[in-house]
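Reader: I should like to learn how the features of a protein model are read. May we work through one case together?

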Amino acid sequence: MKYTAALKRMVTAAGFMVYLYFLTKLILFKWGSVDVQVLLNQLETTLNHPYHIFDRPGNYTPFKEIIREIYSLSISSPLSSINLIGNILAFIPLGIFLPKLFSSSASSISRVFVLSLSLSLCFEMIQLLLFIGTFDVDDLILNTSGAMIGYAALRIQVSSVKHLAVK
């Protein structure tokens, strides 16, 4: 029994690491290749000229891009919502993994909220510092919402399994 629980925990942790790898590739590098030297050069430029961060375009107004994308949704062009839906879908697994990986105190809704917001903020800050994307506050909202959806789905699934076990 102990062996099975430990194996399950190891498989979950490995799955989480694979998920983080693919999430990083998706969000930071848009599935492209990673040239470490270019990234180091961009970081050096940012550190030498930090005021250039504020010259970069970005969205610092909550819900600005979300509302724009909702109004531009179209059945004839399903890819018009890829950013809106993709940011949510990408973080749903995070809301499922976190409660499975950490103790019950770390798996509360508030902890999942804070951890998912923190990870999303890290991605946005890395994009800003390395000049590999644009900072978008709406991504923070969408990503965190995705994690909350994943957390809710897990809780619903767990409570339905417990309910079935009682019967």
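Author: The turns below take up the overall fold, a charged pair, a buried polar residue and a helix. Please keep in mind that this is a predicted model.

Reader: How many helices and strands does the protein chain have?

Author: The protein chain contains six helices and zero strands, so the pattern along the sequence reads α-α-α-α-α-α. Its C-alpha trace spans about 60 × 40 × 30 Å along the principal axes. Of the 167 residues, 32% are buried. Among contacts with a separation of 6 or more, 75% join residues 24 or more positions apart.

Reader: What does the protein chain expose, and which atoms supply it?

Author: About 10,700 Å² is exposed, and carbon and sulfur atoms supply 73% of that area. As for charge, there are 13 positive and 9 negative side chains, with the centres of the two sets 22 Å apart.

Reader: How should one read a pairing of charges, and which side chains meet in a salt bridge here?

Author: In general, side chains of opposite charge can pair when their charged atoms come close. The cut-off to apply is a nitrogen-to-oxygen distance within 4 Å. In this model, the side chains of Glu65 and Arg68 form a salt bridge at 2.7 Å, N to O. A search of the whole structure finds one such bridge.

Reader: Where do Glu65 and Arg68 lie in relation to each other, and is Glu65 buried or exposed?

Author: Both belong to helix 3 (residues 64-71), and because they are three residues apart, about one helical turn separates them. Glu65 has 18% relative accessibility and therefore counts as buried, the cut-off being under 20%. Arg68, at 46%, counts as partly exposed.

Reader: Let us apply the burial cut-off to a polar residue. Where does Asn143 lie, and what is Asn143 in contact with?

Author: Asn143 lies in helix 6 (residues 137-166) and counts as buried, at 2% relative accessibility. Leaving aside neighbours within four places in sequence, Asn143 is in contact with Asn87, Phe91 and Ser120.

Reader: Finally, how does one read the span of helix 1, and what covers its buried residues?

Author: One compares the end-to-end reach with the expected value. Helix 1 (residues 2-29) has 28 residues and reaches 40 Å from first to last C-alpha, close to the 40 Å expected at 1.5 Å a residue. Its buried residues include Phe16, Tyr19, Leu23 and Lys25. The cover over the buried residues of helix 1 includes helix 2 (36-48), helix 4 (82-101) and helix 5 (109-130). Just after helix 1, Lys30 takes a positive phi of about 45°.

How values were computed
Residues are numbered from 1 along each chain as its sequence is written. This is a predicted model: local features need pLDDT of at least 70, side-chain atom pairs count only at pLDDT 80 or more; totals for chains, interfaces and linings use all residues. Side-chain values use heavy atoms; hydrogens and water are left out. Helices (H or I, at least four residues) and strands (E, at least two) are DSSP runs, numbered from the N terminus. Buried means under 20% relative accessible area, exposed over 50%, partly exposed in between (1.4 Å probe, protein chains only). Contact means heavy atoms within 4.5 Å. Accessible areas come from the Shrake-Rupley method with a 1.4 Å probe; for residues, only the protein chains shown count as cover. Lys and Arg count as positive and Asp and Glu as negative; His and the chain ends are not counted. The place of a charge is taken as NZ of Lys, CZ of Arg, CG of Asp or CD of Glu. The expected span of a helix is 1.5 Å times one less than its number of residues.
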